[in-house]
Amino acid sequence: MSGATKRDLRHAARARRRELTAGLDDGAREAAAAALAAAVLRFVPDPSRVAVYESLPDEPPTGRLVEALLAAGHEVIVPVTLDDFSLEWRCAVPGAVGDRATVTRRVGAPDPAERAGWLGVDALAACDLVVTPGLSVDRHGTRLGQGGGCYDRALRHRDPAAPVVTLLHEGEQSELDLPSDPHDVPVDGYVTTTGRVVRLR
């Protein structure tokens, strides 16, 4: 991609995301949340276990998606980011997952009682769909993440038959090929904040 490094591309993608989200009011954010939830619900097998991230303020919002999945009878698991950037997983419950003001929790020595309810780093193996964050996705399914490698490591535990989709703001998809490293795990498609579903693999 014209010799651009992933670091360069992330810098540009974050700047583009700031521009795309700067002017969004509450109504626009709610419309995006509703469009994402409706789009994902249309292709979730029934009943399912679905992994969904908890969104930051500038990310495509996932709070409504989680609530809609739970209301439809699906099991939803959400990540907890550990200090080594591996992902643990816990079950979402109605009303307890929203669009977060801070990054998904990182923990050093979690309370044993809390961790007793976690599902393990390999919980994606039992999921029917995995919804990931990302800054961009190209036509091959190469996903540009935030750089910590959390999801590339976590996705190695998934069931190969389970689709992996990334949520993007409309306009964040890459028309050019993104650089890919051997450890990168491609996604099967993406869903945009207008409700557009693009299948790639």
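Author: Buried means under 20% relative accessible area, exposed over 50%, and partly exposed in between, using a 1.4 Å probe and protein chains only. The model is predicted, so local features need pLDDT of at least 70 and side-chain atom pairs count only at pLDDT 80 or more, while totals for chains, interfaces and linings use all residues. Residues are numbered from 1 along each chain as its sequence is written, and side-chain values use heavy atoms, with hydrogens and water left out.

Reader: OK, what is the mean pLDDT of the chain?

Author: pLDDT is the predictor's confidence in each residue, from 0 to 100. Here 89% of the residues reach 70 or more, and the chain mean is 89.

Reader: And how many contacts does the stretch with pLDDT below 50 have beyond near neighbours in sequence?

Author: That stretch is residues 100-109. A contact means heavy atoms within 4.5 Å. Beyond near neighbours in sequence, the contacts of this stretch in the model number 27.

Reader: What share of the residues in the chain is buried?

Author: Helices (H or I, at least four residues) and strands (E, at least two) are DSSP runs, numbered from the N terminus, and this chain has five helices and ten strands. Among contacts with a separation of 6 or more, 75% link residues 24 or more positions apart. Of the 201 residues in the chain, the buried share is 48%.

Reader: Let's look at H2. How far does it reach from its first C-alpha to its last?

Author: Helix H2 covers residues 26-43, which is 18 residues. The expected span is 1.5 Å times one less than the number of residues, and for H2 that gives 26 Å. The model comes close to that, with a reach of 27 Å.

Reader: Which helix is among the elements covering the buried residues of H2?

Author: The buried residues of H2 include Ala33, Leu36 and Val40. Their cover includes strands E5, E8, E9 and E10, along with helix H3.

Reader: Is Ala38 buried or partly exposed?

Author: Ala38 also lies in H2, and its C-alpha is 9.8 Å from that of Leu69, 31 residues away in sequence. Since its relative accessible area is 36%, Ala38 counts as partly exposed.

Reader: Past H2, which residue follows the cis peptide bond in the loop before E1?

Author: Most peptide bonds are trans. The cis one here has an omega of about -10° and starts from Asp46. Its partner, in the loop between H2 and strand E1, is Pro47.

Reader: Ser48 is in that loop too. Which residue has a backbone oxygen 2.2 Å from a polar atom of its side chain?

Author: Ser48 is buried, because its relative accessible area is 6%. Leaving out residues up to four places away in sequence, Ser48 touches His74, Glu75 and Asp128. The backbone oxygen 2.2 Å from a polar atom of the Ser48 side chain belongs to Pro45.

Reader: What's the phi of Phe85?

Author: Most residues other than glycine have a negative phi. Phe85 sits in the loop between strands E2 and E3 and is partly exposed at 34% relative accessible area. Although it is not a glycine, Phe85 has a positive phi of about 65°.

Reader: Last one: how far is Cys91 from the nearest cysteine sulfur?

Author: A disulfide is a pair of cysteine sulfur atoms within 2.5 Å, and the count comes to zero. The nearest cysteine sulfur to Cys91 is that of Cys127, at 9.6 Å.

Note on methods
Polar contact = N/O pair within 3.5 Å; in protein donor to acceptor, adjacent residues only side chain to side chain.
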